[in-house]
Structure formats: C-alpha cells, structure tokens
Amino acid sequence: RRPPRLCTMRSLSALLVAACAASASAEPFIMVMKSVSMERAVYGESFDVILRVFNNGDAPAHGVSVADSDWSSSKFELVKGSKEADLGVLEGLSNATHTFTVRPLFAGEYAPTAATVGYSAAASGTPRLTHTSNVPAKLPVLSRGEKYTQIALAVGRVLSLNFVRTVWGWCMVAVFWASLFGLIGLFKLHQKMRVWRHERAVAEIEKMK
C-alpha cells in the first residue's frame, strides 16, 4: 500500500502538469465585427463605421491591427479618422473598438464589404494570422429630397394612426380631399346659380307688371 503522503505528492504533480499543459495550449481567439451608425445614410451627411475586435481566447493577441478597404474615395469622403488602425496587444477576454467617419457623395444603394483583422499569437516568432469580419447589410443612401419625404411619412404615420404609410397612400388621400372639396365647390356654385336664376326670374316678372 502506498503511503498517503506519496499519493498526495503525485496528485499535486499531476495537477501541476495539467495546469502547465492548459496554459501552454491557451491561445487568442480573434473575431471582428463591422457595422455602421445608420440604417439609412443621406447624401452629404456623415456617418460612422465601427470596427469592434474581440479576443474570446485565454491568451493575449499581439500586434493587432484592423483595416477596411471599403468606402472608395469616388463614392465616400473620409471625414475623420483612418480606415486602418494598430490596436497593439489585446488581452484575452477583452475587446477594442476603432471608428472612422465617412460622407457619401452619391445617392442610391451601397453594398459594403468585409473588413480584416491581423494579429500574432505571440510577441515574436509566430506567423501572422488574418481574419475577415461579417459583411454588413446593403446601405440605402437617400437624397435630401428622399430624406424629407421619409420624415414627412413618419409624421404622417403618427397623424393617421399608422393608417397611411406610403407616398402612394398620401397621394390617394390628397386625391380624395381634392375631389371632395371640388364636389363641395360645385354644389355651392350650383346653389348660387339657382338663387341667381330665381332672382332674375322674379325681376323679369316685376318688370312685366
């Protein structure tokens, strides 16, 4: 039978080896998420592009950098910040955010592309790894006229208790009221004509007496 002290020492040694193996196998797990600050952009009005980098691993990531080759200068003006950034060391179970601002130079629809993140699992001597982000949904870019139309529709939905929601719906409302006021005007004109004819007839009779 083994002495209790020897069993305890062997158990502690096994735990120490397991802990060392776990720490040696710990590594960073990097993800990057790309988003924009508006669901709908407007021609000539700035919005932010947000790149969030997450390290969901247990070890730090070294030399973390993000880059977004999207938002070409022919369609967007870079107003503030840079489309590339060095984030340095990102500790395990932490995150960092990089933001820059662009301004659309057109009206229409834009399909963003993915951003990239690069990092190394160690300070030196390890290959550099690269991952891509999600691809954001297509971004509508409204003209100024469309912007004010959307604002008017939003106000109209409130005033109509969400009954009228579209430009076509408001056109139909306008046609209805125009037709109604037109009919009322015709009715009043008809009534005035009847009164005028009656008065004229009475005047003719008076002359004949």
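In the predicted model, Lys75 is placed over the face of Phe106, at 5.5 Å from the centre of the ring. The ring of Phe106 also takes part in an aromatic contact with Phe76: the two centres are 5.7 Å apart and the planes stand at 90°, so the pair is classed as edge-to-face. This contact links distant parts of the chain, since Phe76 belongs to strand S5 whereas Phe106 is found in the loop between strand S7 (94–104) and strand S8 (108–110), 30 residues apart. Phe76 and Phe106 are both buried.

Aromatic pairing was then examined throughout the model. A search of the whole structure identifies seven aromatic pairs. Among them is the pair of Phe47 and Trp71, which is edge-to-face, with 5.8 Å from centre to centre and 75° between the planes. Phe47 is part of strand S3 (residues 47–55), and Trp71 is part of the loop between strand S4 (61–67) and strand S5 (76–80); the pair therefore ties together parts that are 24 residues apart in sequence. Phe47 and Trp71 are both buried. Together with Tyr110, the residues Phe47, Trp71, Phe76 and Phe106 make up one aromatic cluster.

The strand arrangement was considered next. Three strands form an open sheet in the order S2-S11-S8, and the pairing within this sheet is mixed. Strand S2 (41–42) and strand S8 occupy the edges; each has a single partner strand, so one side of each is left without a neighbour in the sheet. Strand S2 and strand S11 (residues 139–142) run parallel and are joined by two bridges. Within this pairing, Ala41 has Val141 of S11 as its bridge partner.

Nonpolar side chains are also found at the surface. Leu183, Leu186, Leu189, Met193 and Trp196 make a nonpolar surface patch of about 530 Å². One of these residues, Leu183, is located in helix H3 (residues 167–208). The relative accessibility of Leu183 is 56%, and the residue therefore counts as exposed, the cut-off for this class being over 50%. By contrast, Phe47 and Trp71 of the aromatic cluster are buried, as are Phe76 and Phe106.

Methods: Residues are numbered from 1 along each chain as its sequence is written. This is a predicted model: local features need pLDDT of at least 70, side-chain atom pairs count only at pLDDT 80 or more; totals for chains, interfaces and linings use all residues. Side-chain values use heavy atoms; hydrogens and water are left out. Rings of Phe, Tyr and Trp (its six-membered ring) pair if their centres lie within 6.5 Å; planes under 30 degrees apart count as stacked, over 60 as edge-to-face and the rest as tilted. Helices (H or I, at least four residues) and strands (E, at least two) are DSSP runs, numbered from the N terminus. Buried means under 20% relative accessible area, exposed over 50%, partly exposed in between (1.4 Å probe, protein chains only). A charge sits over a ring if NZ of Lys or CZ of Arg is within 6 Å of the ring centre and within 35 degrees of the ring normal. Patches are made of residues with over 30% relative accessible area and no salt bridge: like charges are joined within 9 Å, nonpolar side chains (Val, Leu, Ile, Met, Phe, Trp, Tyr) within 5 Å. Accessible areas come from the Shrake-Rupley method with a 1.4 Å probe; for residues, only the protein chains shown count as cover. A salt bridge is a side-chain nitrogen of Lys or Arg within 4 Å of a carboxyl oxygen of Asp or Glu. Two strands pair if DSSP finds at least two bridges between them.
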